[in-house]
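User: I would like to go through this model by question and answer. Please keep it brisk.

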Amino acid sequence: MSFSSQLKPNPGTDVPMIEPSHVRRAHGNNNGNNRDMTAQIARALIEATGLLRAPQRIGSLVQKVVSDKLRITFEQRHLYSYTKTNRPSDETLNALLRWILHAQRPDGGIAAYYSLLTGYSESYPEVTGYIVPTLYDFATMTNDGQAAVAAERATQWLLSLQMSTGAFPRGLHSGSHGTEAQPSVFNTGQVLQGLVRAHAETSRPEILKAAVAAGDWLVKMQQVDGSWSGPAAYQNASHTYYSMVAWALAELSERAADDKYGLAAERNLDWVLSHFHPSGWIDGIDLKGHPDYLHFIAYVLQGALECGIVRRRSDALQMVAKSAWALLR
């Protein structure tokens with residue numbers, strides 16, 4: 001990344017992400033430039049403080065910067081060059097699993113990101129929720145007990161975060177550090193994925209109870225048209241990438257044997273599919289002040305695909321396939 005970039009909130013998830021400097025300049029007037037400069041100075045001070053607290057990171061940071069510069073300078077910069085890279089699948093999977101285990105915090109949650117400057121972030125409900133199925137998949141595939149234990153610890157941490165309404169909170173700190181927890185539709189959906197899988201693996205009744213409470217809250221928060229908006233949605237707006245929430249509800253419907261969650265999932269799926277264009281483009285991502293990042297386009301497609309599979313909706317599969325082919329080309 002360019003050092004002229006700065007961290008901004010990741011829409012829908014509150015995770016910091018990079019906004020390129022040319023995007024910021026396009027927004028801009030002198031007041032905006034002054035704010036950008038102030039934010040950059042503040043960020044630089046935070047990063048410098050992080051290095052002072054952990055000077056051992058300086059070497060790895062310099063090494064990373066130099067290696068990235070060399071790689072960008074000399075490697076073939078097109079997609080097909082990566083097909084020449086050979087590495088055994090089991091070696092790659094084990095390396096990935098070890099990385100996830102290192103990201104698990106002492107409280108059992110998974111960090112949202114890692115910084116060479118400040119280390120791992122605090123545990124994050126959204127990330128932890130959707131990594132639980134990955135951990136169980138790995139445990140099932142490889143008979144790796146560590147992965148299953150990590151999934152159980154993550155699930156226990158998630159259960160401790162549930163609000164009285166059934167919702168799960170937004171943000172990294174989850175209501176700690178003197179701040180009041182705020183409910184998040186998207187985070188609740190991602191945590192629900194983890195809870196449904198954890199119950200399938202363990203049959204613990206308290207996990208299903210928590211999942212049902214989360215599902216009930218999501219159904220209650222759903223708009224008449226099938227979307228989610230309001231204070232618990234990012235920027236109070238409806239977003240097509242909340243198809244990921246519909247997918248979680250569809251899975252809950254199967255696990256709890258209650259079709260009200262499946263019907264709610266299909267209401268959202270219908271709303272999402274109405275935003276697909278014949279060209280494959282998708283409207284309704286609706287990130288005010290941000291471009292439509294590929295990250296969120298992928299969210300729309302994954303959520304619609306998986307929900308369509310669970311609910312046996314061939315129309316969803318066909319429309320997702322058309323968009324996926326457009327991206328592949």
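User: Which residue forms a salt bridge with Arg-313?

Analyst: First, the ground rules: this is a predicted model, where local features need pLDDT of at least 70, side-chain atom pairs count only at pLDDT 80 or more, and totals for chains, interfaces and linings use all residues. Residues are numbered from 1 along each chain as its sequence is written, and side-chain values use heavy atoms, with hydrogens and water left out. A salt bridge is a side-chain nitrogen of Lys or Arg within 4 Å of a carboxyl oxygen of Asp or Glu. The closest N and O atoms are 2.8 Å apart, and the partner of Arg-313 is Glu-266.

User: How many residues apart in sequence are the parts that Arg-313 and Glu-266 tie together?

Analyst: Helices here are DSSP runs (H or I, at least four residues), numbered from the N terminus. Arg-313 sits in the loop between helix 11 and helix 12 (314–328), while Glu-266 belongs to helix 10, so the separation is 47 residues.

User: Is Glu-266 buried or exposed?

Analyst: Buried means under 20% relative accessible area, exposed over 50%, and partly exposed in between (1.4 Å probe, protein chains only). Its partner Arg-313 has 13% relative accessibility, so Arg-313 counts as buried. For Glu-266 the relative accessible area is 17%, so Glu-266 is buried.

User: Which residues join Glu-266 and Arg-313 in one network of salt bridges?

Analyst: The network arises from salt bridges that share partners. Besides Glu-266 and Arg-313, its members are Asp-259, Asp-270, Arg-311 and Asp-315.

User: At what angle do helix 10 and helix 11 pack?

Analyst: Two packed helices are described by the angle between their axes and the distance between the axes. Axes are lines fitted to C-alpha atoms, for helices over the stretch in contact, and angles run from 0 to 180 degrees between N-to-C directions. Helix 10 covers residues 259–273 and helix 11 residues 294–310. Their axes are 10 Å apart, and the angle is about 135 degrees.

User: Which term describes how helix 10 and helix 11 are set to each other?

Analyst: Angles under 35 degrees count as roughly parallel, over 145 as roughly antiparallel, 65 to 115 as roughly perpendicular and the rest as oblique. The angle for helix 10 and helix 11 is about 135 degrees. The two helices are therefore oblique.

User: Within how many Å do the axes of helix 5 and helix 7 come?

Analyst: Helix 5 spans residues 125–142 and helix 7 residues 185–202. The axes cross at roughly 30 degrees, which means helix 5 is roughly parallel to helix 7. The axes come within 6 Å.

User: What is the handedness of the crossing of helix 5 and helix 7?

Analyst: A crossing is left-handed if the near helix is turned anticlockwise from the far one by less than a right angle, and right-handed if clockwise. The crossing of helix 10 and helix 11 is left-handed. For helix 5 and helix 7, the answer is left-handed.

User: How far apart are the closest N and O atoms of Arg-98 and Asp-144?

Analyst: Side chains of opposite charge can pair when their charged atoms come close. Arg-98 and Asp-144 form a salt bridge at 3.4 Å. Arg-98 lies in helix 4 (residues 89–103) and Asp-144 in the loop between helix 5 and helix 6 (145–161), 46 residues apart. The N to O distance is 3.4 Å.

User: What is the relative accessible area of Lys-260?

Analyst: Lys-260 meets Asp-216 in a salt bridge of 3.0 Å, N to O. The pair links helix 8 (residues 205–221), which holds Asp-216, to helix 10, which holds Lys-260. Asp-216 is partly exposed at 32%. Lys-260 is also partly exposed, and its value is 39%.

User: What is the phi of Asn-143?

Analyst: Most residues other than glycine have a negative phi. Asn-143 is not a glycine, yet its phi is positive. Asn-143 lies in the loop between helix 5 and helix 6. Its phi is about 60 degrees.

User: How far apart in space are Ala-264 and Ala-246, C-alpha to C-alpha?

Analyst: Ala-264 is in helix 10 and counts as buried at 0% relative accessibility. In sequence, Ala-264 and Ala-246 are 18 residues apart. In space, C-alpha to C-alpha, the distance is 7.4 Å.
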